[in-house]
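These are my notebook entries on a structure I was asked to look through. I record what I looked up, entry by entry.

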Amino acid sequence: MDKIGSPQAAPGTSKRPLSVGDLANPSRFLSIVEPLLPWLAGATVLLMALGLNQVLAAPDDYQQGATVKIMYLHVPSAWLGMLCWGIMSIAALGTLVWRHPLADVAAKTAAPIGAAFTLICLITGSLWGRPTWGTYWVWDARLTSVLILFLLYLGVIALWRTVEDPSRAARAAAVFTLVGALNLPIIKFSVDWWNTLHQPASIFRAGGPTIAPSLLLPLVIMAIAFTLLFITLHLAAMRNEILRRRLRTLRLMQAQSAEH
Amino acid sequence: MTAFSALLMRDLRLAVRAGGGAGMGVLYFLIVVTLVPFAIGPELALLRRIGPAILWLGALLASLLTLDRLFAADREDGSLDLLLMAGMPLEIAIGAKALAHWLASALPLVIAAPVLGIFLNIEPRAMAAIAITLLAGTPALTFLGLIGAALAVTLRRGGLLVPVLILPLTVPVLIFGVAASEAAITTTMPFGTPFSILCALSLMSVVVGPLAAAVAFRHAE
């Protein structure tokens, strides 16, 4: 039975000041996150509205027209798709080194969110590709790397779903997450190499496309808004997972007491 | 070092004797390569062009699909527990098992590849190059797959879990393996660059695979 599931783990209401370490206690984590969530959600909505407003006001690209606005969804979701694997890797270290159940929860709940952002990145990239490249999918280096990242996310989710015991699944997923983190740069490099071998990089100029400040500001706002969205979703998902595990533990205890 | 060689010999003997299934990978490889012309047509020029890719894909699938039994049989008869409790470092023990698996399952693929190359109308010189790239690249597949096999055993799940987890990680090996093979055939590109990277990938996997598999076993209980 994992520690996080037991409602008895709730600490007494001591009056000492809070520190970062207190977040490691699931009950304290809940008591801090619960009041924080509405504020985070509100900030996300406000910033997203501001960002979208800026996006609508931003000038169209002289070549791509209005389709360039897809970038404001595409680029932040790509960043978050990668950031999320980084967060999962840190959580994986927490699982393997400190065996901390909250790290398990963080890793487990981050995977579907990361997969969702990666999928948004793929879909928006595909929709952007249709008007600019004339096709929904090209085996462009970046698209291909993101697709493989998406497959790795699906692998982690499949791993979590295969095993019923959460702490056993957590350790296996942590090993795989770290191996994936080690391999992702290699995959990225290989795909870039493969792509330049097969087709010259004609779409993206070397050194990246230079971007006008009028396009950059909305992008930065959208990136911050997406990051806030991620934090909100992740904390809410962690809360739900903790409650779900407590429910599971209560059910197990009930079943056990019914036996006697 | 005696424990290492003893474990290696034990696994090799188990693989070649009845019930070991060392030949199954080669048979699977042969069937995959045979199926390809039925799917894309018997045109020899086309087969020759995509031949290296087919051989690499076949070898990739054949070496990964045999991996989920690597630790499963040992867990069933209890020898895995003995390995975990033995005095030798777990990484070394896992390395010995992986090496035995490579010798019993992947090396026959490398030897079979030139024969299968005849079906795909690949020239002898190019075929030698493909066999060399397979020789250099298959250790990466075995030792990466090791991680998946270890996870599958600790989770007591088999089947498709190992390929689903490991196949995305084999993308670099496939890219550089096929690139080196094609470089050997067309001679428009240098053979050395992709081949050296392929060797580097194999060497890295030989280190990372046993380490990660050992972590998976240590944290399993």
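**Entry 1: helices 2 and 3 of chain B.** I looked up the handedness with which helix 2 of chain B passes helix 3 of chain B, and the crossing is right-handed. The model I am reading is a predicted one. I noted that helix 2 covers residues 24-40 and helix 3 residues 44-65. Their packing angle is about 145 degrees, and the axes lie 9 Å apart. I then listed the residues that meet: from helix 2 of chain B they include B:Y28, B:F29, B:V32 and B:V36, and from helix 3 of chain B they include B:L47, B:I54, B:L55 and B:L61. B:G25 and B:P37 also take part on the helix 2 side, as do B:G58 and B:S63 on the helix 3 side. Sorted by class, this contact holds 15 nonpolar and 3 polar residues, with no charged ones.

**Entry 2: helices 3 and 9 of chain B.** I next followed helix 3 of chain B to helix 9 of chain B, which spans residues 171-186. Here I read an angle of about 145 degrees and an axis separation of 9 Å. This crossing, too, is right-handed. Helix 3 of chain B contributes B:P52, B:A53, B:W56 and B:L60. Opposite them, in helix 9 of chain B, I found B:L174, B:G177, B:V178, B:S181, B:E182 and B:I185. The class count for this contact is 7 nonpolar, 2 polar and 1 charged.

**Entry 3: chain B as a whole.** I counted 10 helices and 0 strands in chain B. I checked its radius of gyration, which is 18 Å; this agrees with a compact globule, because one of 221 residues would have a value near 17 Å. Along the principal axes, the C-alpha atoms of chain B fill a box of roughly 55 × 35 × 30 Å. Buried residues make up 49% of the 221 in chain B. Among its contacts between residues at least 6 apart in sequence, I noted that 80% join residues at least 24 apart.

**Entry 4: the nonpolar core.** Which residues have the most contacts inside the largest nonpolar core? I found A:A107, B:L109, B:L146, B:A150 and B:L151, in a core of 130 residues. Helix 7 of chain B, residues 124-154, gives the largest share of this core, with 16 residues. I took B:L151 for a closer look: beyond its neighbours within four places in sequence, it is in contact with A:A172, A:V175, A:F176, B:L165 and B:A216.

**Entry 5: where the chains touch.** I recorded 23 residues from chain A and 21 residues from chain B in the contact. On the chain A side, helix 4 (141-162) and helix 5 (166-198) each supply at least two residues. The largest share of that side, 14 residues, comes from helix 5 of chain A. By class, the chain A side has 17 nonpolar, 4 polar and 2 charged residues.

**Entry 6: positive phi angles.** Most residues other than glycine have a negative phi. I therefore noted A:R99, which has a positive phi of about 50 degrees although it is not a glycine, and which is partly exposed, with 15 other C-beta atoms within 10 Å. A:R99 lies in the loop between helix 2 (71-97) and helix 3 (101-133) of chain A. In chain B, I noted B:N121, also not a glycine, with a positive phi of about 65 degrees. B:N121 sits in the loop between helix 6 (90-119) and helix 7 of chain B. I find B:N121 partly exposed, because 14 other C-beta atoms lie within 10 Å.

Conventions
Residues are numbered from 1 along each chain as its sequence is written. Chains are lettered from A and ligands numbered from 1 in the order in which they are written. This is a predicted model: local features need pLDDT of at least 70, side-chain atom pairs count only at pLDDT 80 or more; totals for chains, interfaces and linings use all residues. Axes are lines fitted to C-alpha atoms, for helices over the stretch in contact, and angles run from 0 to 180 degrees between N-to-C directions. Helices (H or I, at least four residues) and strands (E, at least two) are DSSP runs, numbered from the N terminus. A crossing is left-handed if the near helix is turned anticlockwise from the far one by less than a right angle, and right-handed if clockwise. Two residues are in contact if their C-beta atoms, placed from the backbone, lie within 7 Å. Ala, Val, Leu, Ile, Met, Phe, Trp, Tyr, Cys and Pro count as nonpolar, Asp, Glu, Lys and Arg as charged, and the others, Gly among them, as polar. A nonpolar core is a set of buried Ala, Val, Leu, Ile, Met, Phe, Trp, Tyr and Cys residues joined through C-beta atoms within 7 Å. A residue is buried if 20 or more other C-beta atoms lie within 10 Å of its own, exposed if 12 or fewer, and partly exposed in between; C-beta atoms are placed from the backbone. The radius of gyration is taken over C-alpha atoms; the globule rule is 2.2 Å times the number of residues to the power 0.38.
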